[in-house]
Amino acid sequence: MLTPEFVIGRQAEVALFDDLLAGRTPYRLLEIYGPGGIGKTVVGGKLLSHAQARGIPVAAVDGIQPDLTPDRILGLFMDGLTAAPAGGKLADGLRDFDRQLRDYLIVNEVLQQGGGITALFDIVGNVKDPVGLGGILGGLGSAVTEAVKRTVSNRFALERYLRGAERALTSSFMDGLAAGLAELRRPVALLLDTYEEMEGLDDWVCRTLAPGLPPAARLVILGRNELHRVNFDWSEHGDAVSSQPLPELDEVDAKAYLRHFGLQDAAALDQVYRFTGGYPLLLVLVRHLAREAGGWDQVGALESSADRDRIATELLERILRHGRVAEVQMFLEKGVVARWFDPETVAVILEVDIADARKIYDKLRRHSFVERHPYGLKFHDKIRELLLERLKFTSPGEYDRLTRRLMAYYAEKARIQEPEGPGQATRPPEPLAGPKYEIHIHGPAQGVIIGDAAQAQQYFMAHEPTDPQPEP
């Protein structure tokens, strides 16, 4: 799905979810991850619809909701599960949790109205203003239980309650859900969407929520970043967790989307598909461009550099929308000159010291627009391709400067000097062993190839200039 009015593809993810619900998988937690605009929320919607069609209670929490805390997440799960047609039995099991959650919320409301613990109690733990506290409790009406009154009557009792509240609420939710599932005799599904926005709660999800769920409860997480990149502790779950990258749409689905929105010319369909690579956000951006330009005839096969630049700029904005960090943005705009990068490469390109470069690298490695590489990290191929075109179009001088700076760095790492003069461009490349890799420099025109010598030789032969280079 790429817009609310048109859904296409993603049947493989639904099949994975169906296997999860049916208990045909060794894992009980399915993570689907990928860069912004790849279609995760759309997949989440399809999973919700699939569960509902099968009569399976399902509840979803979106990470973009404000002020999420463990208690609020559990409360939203309860609301979603009990609102399902088959949720009555779950409501019976979760009744004690519901009562405890209401008490917890009332206690927090008393604290807020009273100005906090220090304002409410004296140094020995007694209430400073019993009349004022009574007024607060009276204003909250019948929602205030005797248990709440006892909890807020003494500072030390209140502090003890607050220290154990999260653990007690989580335990109560798990017990209640297990009791409800025993009566329901079918699984339930819990979804966490836009997980990158709630990564501050990842420790609780990893160490408390996921392992504490009853066997018949299935958890699905949709986010930009693979769980193991967010928190290595996820590896302790072993086969109980399955992380699946969300791929681009295949050619059939991508072209079906474009046809739905009016692009019928076969040659243009081929060109637009090659340009987007089936990346859903790019398909959306191309469609928006055609609409703003006055139709597909005005866009054609996307041969205009200005059109491509506009799409790449919008792509960059979308990628950074929910996690704008200046250093990350700067490296996205400049670092695409490198096919792969490590902290030293970051330092060279951004011209910062290695300590700062390592911090930037650590921020980059958590994002799903980068992938693992034998020597560090690399950008998602389609993202790098577009942003590299954007850099060449908008700042050709900067592109040339960064490329030469990177070549000089590689040459230094290989303990050689960069070839000088255009007459050197056709010289056969010489493999040079660096500390971590082989580097093949073939003149400024052809650039730098890092890797296997035979592959580099093949590349340079295929890219030799057809016309002889003029003598200087």
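F341 is buried in this predicted model, its relative accessible area being 0%, and F331 is likewise buried, with a relative accessible area of 0%. The ring centres of F331 and F341 are 4.8 Å apart and their planes meet at 65 degrees, and because planes over 60 degrees apart count as edge-to-face, the pair falls into that class. F331 belongs to helix 17 (residues 326–334), whereas F341 sits in the loop between helix 17 and helix 18 (343–350), so that the pair links distant parts of the chain, 10 residues apart. F331 and F341 also belong to one aromatic cluster, which they form with Y361 and F379.

The surroundings of this cluster lead to the largest nonpolar core, which has 69 residues and in which F341 and V346 have the most contacts. Helix 14 (residues 280–293) gives the most to this core, contributing 8 residues. With residues up to four places away in sequence left out of the count, V346 touches F331, F341, E351, V352, A357, I360, Y361 and L364, a list in which three members of the aromatic cluster, F331, F341 and Y361, reappear. Separate from this core is a second one of 39 residues, and L81, A165, V205 and L213 are included in it.

V205 brings the reader to helix 10 (residues 202–212), where D202, W204, V205, C206, L209 and A210 are buried. What covers these buried residues includes strand 1, helix 3, helix 9 (155–184), strand 3, strand 4 (217–223) and helix 11 (227–230). Helix 3 (residues 70–82), one of these covering elements, lies across strand 2 and strand 3 (188–193) and runs at about 145 degrees to strand 2.

The strands just named belong to an open sheet of 5 strands, which has the order 2-3-4-1-5 and parallel pairing. Why do strand 2 and strand 5 each have one side left without a neighbour in the sheet? Strand 2 (58–62) and strand 5 (241–245) stand at the edges, and each has a single partner strand, so one side of each remains without a neighbour. From one strand to the next, the twist averages 15 degrees. Strand 1 (residues 29–33) pairs with strand 5 in the parallel sense over 5 bridges, and E31 stands opposite S243 of strand 5.

Helix 9, which is among the elements covering helix 10, also takes part in an aromatic pair. The count of aromatic pairs comes to 9, and one of them joins F97 and F173 edge-to-face, at 5.3 Å centre to centre and with 75 degrees between the planes. F97 lies in helix 5 (residues 95–114) and F173 in helix 9, so this pair ties together parts that are 76 residues apart in sequence. Both rings belong to buried residues, the relative accessible area of F97 being 1% and that of F173 being 0%.

Taken as a whole, the protein has 23 helices and 10 strands, and buried residues make up 48% of its 472 residues. Of the contacts with a separation of 6 or more, 67% are accounted for by residues 24 or more positions apart. The protein exposes about 22700 Å², and carbon and sulfur atoms supply 50% of that area.

Definitions and conventions
Residues numbered from 1 in each chain as written. Predicted model: local features only at pLDDT ≥ 70, side-chain atom pairs only at ≥ 80, totals over all residues. Heavy atoms only, no water. Pairing = 2+ DSSP bridges. Helix = DSSP H or I, 4+ residues; strand = E, 2+ residues; numbered from the N terminus. Axes fitted to C-alpha atoms, helices over the stretch in contact; angles between N-to-C directions. Contact = heavy atoms within 4.5 Å. Buried < 20%, exposed > 50% of the residue type's maximum accessible area, 1.4 Å probe, protein only. Core = buried A, V, L, I, M, F, W, Y, C linked by side-chain atoms within 4.5 Å. Phe/Tyr/Trp six-rings, centres within 6.5 Å; stacked < 30°, edge-to-face > 60°. Areas by Shrake-Rupley, 256 points an atom, 1.4 Å probe, with all protein chains shown as cover.
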